[in-house]
Amino acid sequence: MLVSEVLDIETSGSNSVKLEAGDKITVQGFLVKHVESTDADVAEIKTTEGLRHSFGKAVIGQAKSDYWKDVVEKCLDKDASDGLDVWVVEKIAEGTGRTMLSLSMFPPKS
């Protein structure tokens, strides 16, 4: 079990909300920070609804990705009040077989 599953760890935004599988968000920006109290990175995601966060490795990797940042930037260039529509999905990690959170630019299949 990950520490983020049992502790409510504060990010820089006191009103940041943890990402949950099934969420649909509109992303306006990514930031990855290191949390000293846990010695772990956290992805902070600016959305049209406020700040969201995740300690999930896949989400952190996506938040660091030039590709994801570029797509968000292109969406904001087209309409600064909007952003990239993203779904929070669960996937099975290849190495461990554990369920992990990930971001998807496409709606989940029913």
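Modeller: Before we discuss the sheet in this predicted model, note that two strands are said to pair if DSSP finds at least two bridges between them.

Colleague: In what order do the strands of the open sheet stand?

Modeller: The open sheet is formed by 6 strands, and their pairing is mixed. At its edges are β1 (17-18) and β6 (99-104), each of which pairs on one side only. Read across the sheet, the order is β1-β4-β3-β2-β5-β6.

Colleague: How many bridges join β2 to β5, and which residue in β5 stands opposite isoleucine 25?

Modeller: Strand β2 covers residues 24-35, while strand β5 covers residues 84-92, and the two run antiparallel with 4 bridges joining them. Opposite isoleucine 25, the residue in β5 is valine 86.

Colleague: Is glutamine 28 buried or exposed, and why?

Modeller: Glutamine 28 belongs to strand β2, and, beyond its neighbours within four places in sequence, its contacts include Lys46, Val72, Leu76 and Asp82. Its relative accessibility is 17%, and because buried means under 20%, glutamine 28 counts as buried.

Colleague: To which backbone oxygen does a polar atom of the side chain of glutamine 28 lie at 2.8 Å?

Modeller: Asp82 is among the residues in contact with glutamine 28, as are Ser81 and Gly83. At 2.8 Å from a polar atom of the glutamine 28 side chain lies the backbone oxygen of aspartate 82.

Colleague: At about what angle does helix α3 run to β2?

Modeller: Helix α2 (residues 57-64) lies across β2, β3, β4 and β6, running at about 25° to β6. Helix α3 (residues 66-78) lies across β2, β5 and β6, and its angle to β2 is about 135°.

Technical notes. Residues numbered from 1 in each chain as written. Predicted model: local features only at pLDDT ≥ 70, side-chain atom pairs only at ≥ 80, totals over all residues. Heavy atoms only, no water. Buried < 20%, exposed > 50% of the residue type's maximum accessible area, 1.4 Å probe, protein only. Polar contact = N/O pair within 3.5 Å; in protein donor to acceptor, adjacent residues only side chain to side chain. Contact = heavy atoms within 4.5 Å. Axes fitted to C-alpha atoms, helices over the stretch in contact; angles between N-to-C directions.
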